[in-house]
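Me: Hi! I have a new model open and would like to walk through it with you. Could you help me get my bearings?

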Amino acid sequence: MRLARAAPLLVRTAATAATADPAAALKAGDALRSRPRRFTEDDVAAYAGVSGDRNPVHLDDAFARGAGGFQSGRVVHGMLVASLFPALIASHFPGAVYASQSLKFSAPVYVGDEVVAQVQALQIKAAGARHIVKFATKCFTDDEETLAIDGEAIAFLPTLKLCTEAIE
């Protein structure tokens, strides 16, 4: 694991735009957006090996198109795509602990699709030295036009200050 200098892709809503400093503390309404991520055949094969999920809709193009009903072929494991959420949070809040996640898979992500993940702080509550943050979680494909995953997550953050060094 290495640290790389990278400005967080922080999106301020009109309600939180009062401060333009991206290193400022996270506020309810703020969103973090990942850089685009393209899932490859190797990613899917590696995830199938680690998870044991060898459903042929992920591994066999003919099966995915035929019996699976996926016109564009093999689909990326939904949980592999959803792993972008805790990665995005932890990369900007090192030491964050992911506590829960609800997911609704709205559209398939096909092998080769480019995906952008977004987490938006909905509620922030102090809990001793940590902060409990409820996030709206979304993944988009097709230049951020198609919602592929929608959900909510709860994470315990050690600080609300965005890390200026993203973990790669």
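Reply: Happy to! One definition to begin with: helices (H or I, at least four residues) and strands (E, at least two) are DSSP runs, numbered from the N terminus. With that, the elements of this predicted model run β-β-β-β-α-α-α-α-α-β-β-β-β-β from the N terminus on.

Me: How many helices and strands is that in the chain?

Reply: The chain has five helices and nine strands.

Me: And what is the mean pLDDT of the chain?

Reply: The mean is 88, and 83% of the residues reach 70 or more.

Me: Where does pLDDT stay under 50?

Reply: Residues 1-8 are one such stretch, and the model has 21 contacts beyond four places in sequence for them. Residues 13-20 also stay under 50, with ten contacts of that kind.

Me: Good to know. What share of the chain is buried?

Reply: Buried residues account for 36% of the 168 in the chain. As for contacts between residues at least 6 apart in sequence, 66% of them link residues at least 24 apart.

Me: Let's turn to the strands. How do β7 and β8 run, and how many bridges join them?

Reply: They run antiparallel, joined by eleven bridges. One facing pair is Phe140 and Leu147, the latter in β8.

Me: What about the hairpin they form, which residue there takes a positive phi?

Reply: That is Asp142, with a phi near 55 degrees; the hairpin has four residues between the strands.

Me: Which strand pairs with β5?

Reply: β8 does, in the antiparallel sense, over eight bridges, and β5 covers residues 97-105. For Val97, the bridge partner in β8 is Phe156. So β8 pairs with β5 and is also joined to β7.

Me: I'm clicking on Thr141. Where does it lie, and is it buried or exposed?

Reply: Thr141 lies in strand β7, residues 130-141. Thr141 counts as buried because its relative accessible area is 2%, and the cut-off for buried is under 20%.

Me: Which residues does Thr141 touch?

Reply: Leaving out residues up to four places away in sequence, Thr141 touches Val109, Asp113, Glu114, Val115, Thr146 and Ala148.

Me: Switching to pockets: how much space lies in the second largest one?

Reply: About 240 Å³. It is lined by 18 residues, and those closest to the centre are Val75, Val76, His77, Gly78 and Phe105. The elements giving two or more residues to the lining are α2 (56-59), α4 (78-82) and β8 (146-157).

Me: Which of them gives the largest share of the lining?

Reply: α4, with three residues.

Me: How does the lining divide into nonpolar, polar and charged?

Reply: There are 13 nonpolar residues, four polar and one charged.

Me: You mentioned His77. How far apart are Ala45 and His77?

Reply: Their C-alpha atoms are 10.0 Å apart in space, with their positions 32 residues apart in sequence. Ala45 sits in helix α1, residues 41-51. Ala45 has a relative accessible area of 43%, so it is partly exposed.

Me: One more alanine, then: where is Ala90?

Reply: Ala90 is in helix α5, which spans residues 84-92. Ala90 is also partly exposed, at 26% relative accessibility. Between the C-alpha atoms of Ala90 and Cys163 the separation is 9.5 Å, and the two are 73 residues apart along the chain.

Me: Great, thanks for the tour!

Definitions and conventions. Residues numbered from 1 in each chain as written. Predicted model: local features only at pLDDT ≥ 70, side-chain atom pairs only at ≥ 80, totals over all residues. Heavy atoms only, no water. 1 Å grid on protein atoms, 1.4 Å probe; cavity = no way out; pocket = protein on both sides within 12 Å on 5 of 7 lines; lining within 4 Å. Points joined across faces, edges and corners; volume = space filled by probe spheres on them. Nonpolar A, V, L, I, M, F, W, Y, C, P; charged D, E, K, R; others polar. Buried < 20%, exposed > 50% of the residue type's maximum accessible area, 1.4 Å probe, protein only. Contact = heavy atoms within 4.5 Å. Pairing = 2+ DSSP bridges. pLDDT = per-residue confidence, 0-100.
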